[in-house]
Amino acid sequence: MSLQSKHVAPVVAALLASVSAPALSQDAPSGDAPPPDAPEPANVEGRQSYSAADFARFAPKTALDMLNNVPGFLIRGDQSGTRGLGNASENVLVNSRRLPSKSDDLRDQIARIPASSVVRIDIVDGATLSIPGLSGQVADIITRPDTFTGSFSWNGEARVHFTRPRYTAGEVSVKGTLGRIEYTAALANSVGGGGFGGPYQILNADRSLREIRDGKLVSEYDAPKLSVGLKHTAPNGAIANLNASYRRQYEDYTDDEVRTPVGGVPQFRDLSGRFRAYDYEFGGDYQFPVFGAQLKLIGLNRFDQSRFREEVVTTSSAGGIPDGGRYAQVVDSGEVIGRSELSWKWGVADWQIAGEAAFNRLDKNASLFDLASGGSFVEIPFPQGDGGVREDRYEASLSYGRPLTPKLSLQAIVGAEHSTISQTGPTGVSRSFLRPKGTLSLAWQPKRGLDLSFKLERAVGQLNFNDFLGRVFLDDANQNDSNFDLVPSQSWNVEVAGKKDLGPWGSTNLRVFYRDFEDYVDLVPLPGGGEGRGNIDRLRRYGFEWTSTVKLEPIGFRGAKIDSNVILQTSRLIDPLTGEKRQMDRLGYRVIEVTLRHDIPGSDWAWGAGFEHIDSTEYHRINEVGKETEGPIFDRYFIENKDVFGLTARLDVINLVDARHRLYRTVYTGRRDTSPVAFIEDQSRLIGPIFRLSLKGNF
């Protein structure tokens, strides 16, 4: 429900992991023997299985519909900012294999699996599997082959205030087999944006009124994407995958205001932005048996080009010379990765040796302009925004997993990476790093219905190459300078999780976590008096996440359940400007989501209601402190019919209790640790009700 950011990230650094997916095929034409079918339903020790019949009351159209209704389970994408292809980090498998692409959103990939193809969904602790990197609760979607099937969805949205209706969100996908080849293809358009508006105040340091501002921000975003995948399974069990995608992105936004100073004449501030981008990815892997082991060779090539422009012009109702500026940038980025994985079983233990080489690049050209008295924009120097960054990275790892007892399993990974980061140009510098990494995971099932897990990880963070270079934000008159001394963060991560089956009452899952970062990347003061992205010596972050499903049949409310997710967390770092302890910027320290769903027995109807509350910490710049949120509570109501001419139709009504866009920032005349307050901006602006209609089905 949050608004698409006004400052669109100029580069979407999506990572594609072309890791082999399962062999799914239907009976082949005459003369071509079919590969083995998917496993038959079975209750495996250490797994909690849900058959297709368990989801019948929801009339699911896709595997995502089914997975969303697994009690106490929450889908997680890449939580660790994985560098390159790396080890597994998402908590969904298909036929006990990782999904074939990380370029697509995890939910989008699951939504392309028709519900009719799903035999069952197993919930298992990742540390018991022979897939390095997995821990905690993992969903394994077991499917059967399909000759041909497809699915489609459409989503429309209308808001009462500020924005135009959006009708262009949707997806069509197909999936099938031709002999030993399985194919998938999808054409989708993701939309985003939103709007808010209304009056707000600018205050003096003593909180007396300085200025009234009134206006609206409106943003529209579209991202059409074509994805295709091919998979071939040979008679000897060798599996080859090829994946490709091409996407374009379009965003336009305006943020126009009338600004009326106390005792002064109104001014008109017109701000507009435009973002255009395209990216493509090609990836593939080949897994084959070799001397009793399995060798997998993986390759990836990715390229992204984005163009961004923001322009602001302020004019006075009394006439005079307009004031304004323009910022523009063009960014090209790319990545080439090669990886090999040799896996084998020795007794009861699973082993894997992996090596990876990755070559990343980014080139950026930025321009800054002032509005001259004649009405034209005149370019001014902005060398901080131009330049390039290169990284050559090599890593190797060894993983080992085995059951220690019938109820206790161990998985361990030891590895290291060597990276060289270079700045391009005549004054370029080059630095090299050698960093250890690895994990230790334990999975324990002391009794049926209770699963406990522990994970200790040494991780290396992923750098955003845009952070090395300068950037201007015209709407709030801020600027990031370039900083080529950035280094990747490192962290010790500890996680303890427990899942308890509540029988007829549902399920609950508690995860407690602790993160201890070195060289954490954040805004820091830079030499010369400016600020930019840099490293903070240390950050600690810890908390818990509690996910539950409570079924209401035991109290007589047939077909009803309550799903909830609660995150409470805190953090601590030393402010790089003041030297005082504070929280990390923009941390969602309190997140509460609760939804009631009732599938009316004996009918195709369902209804529900819920709410979402997110509260976050302040952000800090060298000359300001602020807090930006939307809420405090978004309420949601829905009604659904699961058979409208074979389709599922759903209407959502959101934000009837008036959640608002809130921004409270204090701006100082200079450094916030030594300077007086210049002004205070106090926003509480209208978002209004949101209506969404969706249709989905299979063919």
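1. Two strands are taken to pair if DSSP finds at least two bridges between them, and the strands themselves (E, at least two residues) are DSSP runs numbered from the N terminus. On that basis, five strands of this predicted model form an open sheet of mixed pairing, in the order E1-E4-E5-E2-E3. Strand E1 (48–51) and strand E3 (97–98) stand at the edges with a single partner strand each, so one side of each is left without a neighbour in the sheet.

2. A word on the basis of the values: the model is predicted, so that local features need pLDDT of at least 70 and side-chain atom pairs count only at pLDDT 80 or more, while totals for chains, interfaces and linings use all residues. Residues are numbered from 1 along each chain as its sequence is written, and side-chain values use heavy atoms, with hydrogens and water left out.

3. Within the open sheet, strand E4 (residues 118–125) and strand E5 (residues 137–143) run antiparallel and are joined by seven bridges, with Thr143 in E5 as the bridge partner of Val118.

4. Further along the chain, strand E32 (residues 647–654) runs antiparallel to strand E31 (residues 634–644), to which seven bridges join it, and seven bridges also join E32 to strand E35 (residues 690–698), again in an antiparallel arrangement. The hairpin of E31 and E32 has two residues between the strands, and Phe645 there takes a positive phi near 55 degrees.

5. Which residues stand around Arg650 of E32? Glu640 stands opposite Arg650, and Ser694 is its bridge partner in E35. The charged end of Arg650 also sits over the ring of Phe638, 3.8 Å from its centre, where such a contact requires NZ of Lys or CZ of Arg within 6 Å of the ring centre and within 35 degrees of the ring normal.

6. The structure holds 16 aromatic pairs, counted when rings of Phe, Tyr and Trp (its six-membered ring) have centres within 6.5 Å, with planes under 30 degrees apart called stacked, over 60 edge-to-face and the rest tilted. The rings of Phe152 and Phe699 have centres 6.3 Å apart and planes at 25 degrees, so this pair is stacked. The pair links distant parts of the chain, 547 residues apart, with Phe152 in strand E6 (residues 148–159) and Phe699 in the segment after E35.

7. Phe152, at 29% relative accessibility, is partly exposed, as is Phe699 at 44%, whereas Leu178 is exposed at 63% (buried means under 20% relative accessible area, exposed over 50%, partly exposed in between, with a 1.4 Å probe and protein chains only).

Key
Helices (H or I, at least four residues) and strands (E, at least two) are DSSP runs, numbered from the N terminus.
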